[in-house]
Amino acid sequence: MADNQDFMNELRAFIVEGVREEAEPGREINDHTVLLGQDAVLSSLGLVGLLVRVEDFCLSAGRSFNWTQDAAMSPKNSPFRTIGTLAAYVSENAKNEAGA
């Protein structure tokens, strides 16, 4: 079972790859890539699809995740701002099903 840092690194790489598949060719994709707002690289539908894939990734890693937490809906500190904020939020809030 991956520890939290390993999970975070794998999750970040998964999100980067998912965004890269949807973004315009040649666009640089990294932790600072904007996911929500005026400079977003994804459409709203693309973002929803990414979030579904992230949830599936968590489940395949033996972790559960619930998008309906209050912090996920915070307009001031939205975890959907960038790839980095999304990866950090999911990593911190995904519950290990093994109880570790």
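## Overall fold

Helices (H or I, at least four residues) and strands (E, at least two) are taken here as DSSP runs, numbered from the N terminus. On that basis the protein chain has three helices and two strands, arranged along the sequence as α-α-β-α-β.

Before going further, a word on the source: this is a predicted model, where local features need pLDDT of at least 70, side-chain atom pairs count only at pLDDT 80 or more, and totals for chains, interfaces and linings use all residues. Residues are numbered from 1 along each chain as its sequence is written, and side-chain values use heavy atoms, with hydrogens and water left out.

## Burial and contacts

Of the 100 residues in the protein chain, 39% are buried (under 20% relative accessible area, with exposed over 50% and partly exposed in between; 1.4 Å probe, protein chains only). Take the contacts (heavy atoms within 4.5 Å) between residues at least 6 apart in sequence: 65% of them join residues at least 24 apart.

## Helix α1

Helix α1 covers residues 4-22, and its end C-alpha atoms lie 27 Å apart, in agreement with the 27 Å expected for 19 residues at 1.5 Å a residue (the expected span is 1.5 Å times one less than the number of residues).

Its buried residues are Phe 7, Met 8, Leu 11, Ile 15, Val 16, Gly 18 and Val 19. Seen down the axis of α1, they fall within an arc of 165 degrees, so they line one face of the helix (the arc is that of the directions from the helix axis to the C-beta atoms). Their cover includes α2 (44-60), β1 (63-64) and α3 (83-93).
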